Amino acid sequence: MSRFHVSITPEPDSQSSVNKKGNQFHSSGLPYATPYSNSHLSMSSSHNKYSVLLPTYNERDNLPIIIWLITKTFQEHNLDYEIIIIDDNSPDGTLEIAKQLQKVYGENHIVLRPRAGKLGLGTAYIHGIQNATGNFVIIMDADMSHHPKAIPEFIRKQKERDYDIVTGTRYAPGGGPRVSDLTGSFRLYKKDVLHQIINATVSKGYVFQMEMMVRAKQFNFSVAEVPITFVDRVYGESKLGANEIVGYLKGLWMLFTSV
């Protein structure tokens with residue numbers, strides 16, 4: 001289990017309150033993210049906007065932490081961003097937590113696009129990209145298996161040679177031109193590139209990530225890799241149940257027999 005220890009020094013706000021230890025909290029009871037500055041990266045001059053697609057299902061415990069970490073990362077590096085939460089009608093109240101987070105961080109940074117039910121990861125990305133206003137899209141998991149601190153490295157790598165896609169890899173020590181982690185779900189795409197790949201992808205379940213890389217190769221899109229560490233989820237249970245496993249195997253068979 002991975003534990004994150006954060007120190008928060010929020011800006012004063014008329015709606016905040018102070019607890020006995022002197023820490024400030026929003027009226028909703030959630031901590032403020034501190035606006036940081038890290039000018040040595042010089043990323044703010046590029047006028048890019050990054051849309052983070054965050055599919056959720058039963059992530060009420062993880063969501064406040066991952067949102068805080070994502071927000072902190074973007075603020076530290078002076079990057080324009082939005083986080084699109086695509087909740088599939090979670091029975092644990094994830095959407096209610098998301099609504100509270102939207103009040104804390106603002107509707108310009110937290111965009112809620114819930115769906116009526118659990119409709120699959122592929123369709124979640126389709127739903128999310130339709131609502132994305134950034135020219136770059138980042139996909140990642142909400143269960144904290146992907147640490148947002150890697151996002152600036154994704155952005156640096158993309159800028160090196162104007163790559164179409166940057167994907168996190170658990171297997172290559174230094175990354176490389178070939179994709180070593182086909183099932184990875186921590187990636188940065190140019191928005192138009194992701195749109196084209198999604199339109200060509202037929203898988204809707206967990207094999208979706210693998211097929212997207214196969215389609216990227218078909219279209220000759222440039223792909224770079226960034227080494228990442230994958231951490232087991234901190235709270236909650238895996239969304240990969242028996243039905244998803246069967247669907248994954250069927251998807252693999254389809255992928256390798258038709259592409």
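Okay, so Asp-88 and Arg-115: buried or exposed? Both of them are buried. Keep in mind that this is a predicted model. Asp-88 and Arg-115 form a salt bridge, and their closest N and O atoms sit 2.7 Å apart. If that pairing is new to you, here's the idea: side chains of opposite charge can pair when their charged atoms come close.

Now, where do these two come from? Asp-88 is in the loop between strand 4 (80-87) and helix 2 (94-105), while Arg-115 is in the loop between strand 5 (110-112) and helix 3 (121-129). They're 27 residues apart, so this pair links distant parts of the chain.

How many salt bridges are there in the whole structure? A search finds nine. I'll show you a couple of others.

Take Asp-164 and Lys-190. Their side chains meet in a salt bridge at 3.4 Å, N to O. Asp-164 lies in the loop between helix 4 (151-161) and strand 7 (165-169), and Lys-190 lies in strand 8 (residues 187-190), so this pair ties together parts that are 26 residues apart in sequence. Both Asp-164 and Lys-190 are buried. And there's a third partner here: Asp-162 joins Asp-164 and Lys-190 in a network of salt bridges.

Next, Arg-215 and Glu-211. Their side chains meet in a salt bridge too, at 2.7 Å, N to O. Here both residues lie in helix 6, four residues apart, which is about one turn of the helix. Why does Arg-215 count as buried? The cut-off is under 20% relative accessible area, and Arg-215 has 13% relative accessibility, so it counts as buried. Glu-211 comes out at 0%, so Glu-211 counts as buried as well.

That brings me to helix 6 and its neighbour. Two packed helices are described by the angle between their axes and the distance between the axes. For helix 5 (residues 191-200) and helix 6 (residues 208-218), the axes come within 9 Å and cross at roughly 110°. That makes helix 5 roughly perpendicular to helix 6. The crossing is right-handed.

Which residues make the contact? From helix 5 you've got Leu-194, Ile-197, Ile-198 and Ala-200, and from helix 6 there's Phe-208, Glu-211, Met-212, Arg-215 and Ala-216. Sort them by class and you get seven nonpolar residues, no polar ones and two charged ones. And yes, you've already met Glu-211 and Arg-215: they're the salt-bridge pair, and here they are again in the contact between helix 5 and helix 6.

Methods: Residues are numbered from 1 along each chain as its sequence is written. This is a predicted model: local features need pLDDT of at least 70, side-chain atom pairs count only at pLDDT 80 or more; totals for chains, interfaces and linings use all residues. Side-chain values use heavy atoms; hydrogens and water are left out. Axes are lines fitted to C-alpha atoms, for helices over the stretch in contact, and angles run from 0 to 180 degrees between N-to-C directions. Helices (H or I, at least four residues) and strands (E, at least two) are DSSP runs, numbered from the N terminus. Angles under 35 degrees count as roughly parallel, over 145 as roughly antiparallel, 65 to 115 as roughly perpendicular and the rest as oblique. A crossing is left-handed if the near helix is turned anticlockwise from the far one by less than a right angle, and right-handed if clockwise. Contact means heavy atoms within 4.5 Å. Ala, Val, Leu, Ile, Met, Phe, Trp, Tyr, Cys and Pro count as nonpolar, Asp, Glu, Lys and Arg as charged, and the others, Gly among them, as polar. A salt bridge is a side-chain nitrogen of Lys or Arg within 4 Å of a carboxyl oxygen of Asp or Glu. Buried means under 20% relative accessible area, exposed over 50%, partly exposed in between (1.4 Å probe, protein chains only).
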